[in-house]
Amino acid sequence: MSVTNEVPPTLDEMIFAISQINYNTVYQPLSPPPPSTDRLSAPLGNITKPSPTKTLTNADTDVDEDNSENEEDNDEENRAMSVSAELDSSRWHPAKKSKHLVLLDLLALLLVSEATSDVAATMLRTNGTMKFYYSKNRPCTDSENQYVRKLFNHVSETNRSVADRYTNLMAAIVDKCQKKIKSRISKVLRRVRELPTDRGIHSEDRLPLELVEKLKANLRIGPEQSLRNRLIAWLDSLSPAQRLKDPEFLRDAIVSAHSIGFPSDINLLIDQKLLRRIRKLGDYMGAVIQLVGEVDLLPPQFLQTLVIQEVPPPPPDRIVIKKTSVEIVEQWARNRHIEGPTETNLRIQFPSLPHPLSQQSTITRSVHCECTLITKIVNDLVQQGTSPFVTLEVGVSKSLCNLCEVFMGSVKKRYPNITIMVSTHHGKNVSGWRLPPLTPLKISQEVEGHINSCIEEIRCKATQERRSDSIPRVFESAFGQEAANFALCLFNPTI
């Protein structure tokens with residue numbers, strides 16, 4: 001009697017299911033890799049730093065968004081949730097932030113112009129000439145490409161004073177990134193509204209007098225003035241909506257936020273979530289300071305040979321998922337003739353599952369910018385013939401999602417002489433994730449295998465079925481089908 005297999009769900013459907021079920025896998029971070037003997041990136045020293053039909057876009061990747069407050073509260077915990085243990089031996093390395101990675105992350109921030117659903121990645125490579133690569137989850141507009149060149153033109157004007165370069169850079173950034181800047185100010189104010197009447201600013205009386213005087217000096221507050229009252233007054237000054245239309249106000253808000261968030265001891269005085277949002281607003285000023293400072297340390301010939309190149313991904317597209325996440329998991333189980341979960345069981349194990357489930361969801365698919373950059377550079381290195389050890393450092397404006405981590409782990413496994421360094425990751429699965437074009441088959445298979453493994457773990461958890469601690473190894477044999485056929489002939493068992 002023949003058994004007819006049901007068609008399995010598509011890869012897009014499975015990614016949608018694991019993202020909606022909010023399934024994450026957990027791993028223990030690897031120790032940092034040994035220093036490379038052939039770094040093709042600029043050699044910089046290391047520093048450490050402390051319902052109805054729904055449309056889903058890449059905004060779901062944004063760990064900044066306030067539709068997931070618990071994630072923002074537990075940022076470090078989120079960043080520890082990542083790829084399953086099957087990639088342990090070959091995973092990319094979550095890096096301690098070197099000066100180089102800090103700069104690349106800040107440069108990526110400067111390329112984000114929209115309030116939501118805008119993501120950027122950057123990479124800087126030196127090999128005789130200096131090349132700056134950047135990418136988004138969509139092709140950049142002509143205006144965005146001109147803006148990137150304007151930033152580097154301003155920072156490269158070393159004949160001008162630092163003050164002039166700061167001023168020109170901030171004017172360009174505020175003009176281009178004002179939507180994102182306004183969004184960050186709104187998040188500061190949103191947190192203030194959630195707090196009691198003290199605006200999240202604690203009394204300075206409980207702090208040592210010496211520390212209070214130091215903080216006042218850093219913030220240019222007179223000794224007779226109250227530090228707490230000045231901070232509250234600054235927060236209140238952000239409120240008038242009409243001021244958000246004034247570029248000078250936006251610039252001053254950024255500069256003030258940077259000054260307030262910079263002292264390490266300020267965390268004793270300000271609510272932690274509020275301080276985090278203030279510091280993120282101040283990152284624009286931090287980017288300008290870091291960029292000008294690092295450029296001034298470079299030999300002049302590097303600036304003269306600087307090449308700026310966008311690495312465009314395929315344009316995003318939209319697809320419609322006409323199944324619920326529960327139906328997708330059930331279909332996956334039926335295809336394998338195993339027990340599938342009920343919606344009730346799934347809700348017990350995954351309480352964040354949306355209620356009610358949408359019967360139809362429109363998904364925006366895109367190749368994530370960090371994967372676009374990695375694919376481009378790795379392909380170039382393979383064509384050129386790579387040296388024994390190469391380190392690729394990638395700056396990101398948002399934390400890596402789970403599938404980007406899996407992709408990078410698979411790249412590392414295929415090319416063990418290449419180390420990929422990225423500073424931040426949150427481990428969430430994101431709907432609409434796509435493989436880059438021309439991804440090698442083995443990498444595609446490994447990513448697809450991970451997605452199937454996620455579905456299987458969801459099913460097992462919901463059905464209370466214990467997964468085996470071992471996995472089949474037969475397909476890993478180096479001797480293949482010929483040896484299997486020989487064994488079959490030798491022993492001649494009945495099948």
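**Exercise 1.** What percentage of the 495 residues in the chain do buried residues make up?

*Solution.* The model is a predicted one, in which local features need pLDDT of at least 70, side-chain atom pairs count only at pLDDT 80 or more, and totals for chains, interfaces and linings use all residues. Residues are numbered from 1 along each chain as its sequence is written, and side-chain values use heavy atoms, with hydrogens and water left out. Taking buried as under 20% relative accessible area, exposed as over 50% and partly exposed as in between (1.4 Å probe, protein chains only), one finds that buried residues make up 51% of the chain.

**Exercise 2.** Determine on which side of helix 7 its buried residues lie.

*Solution.* Helices are DSSP runs (H or I, at least four residues) numbered from the N terminus, and helix 7 spans residues 209–218, with Leu 211, Val 212, Leu 215 and Lys 216 buried. These four cover an arc of only 135 degrees around the axis, which puts them on the same side of helix 7; the arc is that of the directions from the helix axis to the C-beta atoms. On the other side, Leu 209, Glu 210 and Ala 217 are exposed. The cover of the buried residues includes helix 8 (227–237), and helix 7 is followed by Arg 220, whose phi is positive, near 55 degrees.

**Exercise 3.** Classify Leu 490 as buried or exposed.

*Solution.* Leu 490 has its place in helix 17 (residues 480–491). Because its relative accessibility is 53%, Leu 490 counts as exposed.

Notes. Helix = DSSP H or I, 4+ residues; strand = E, 2+ residues; numbered from the N terminus. Contact = heavy atoms within 4.5 Å.
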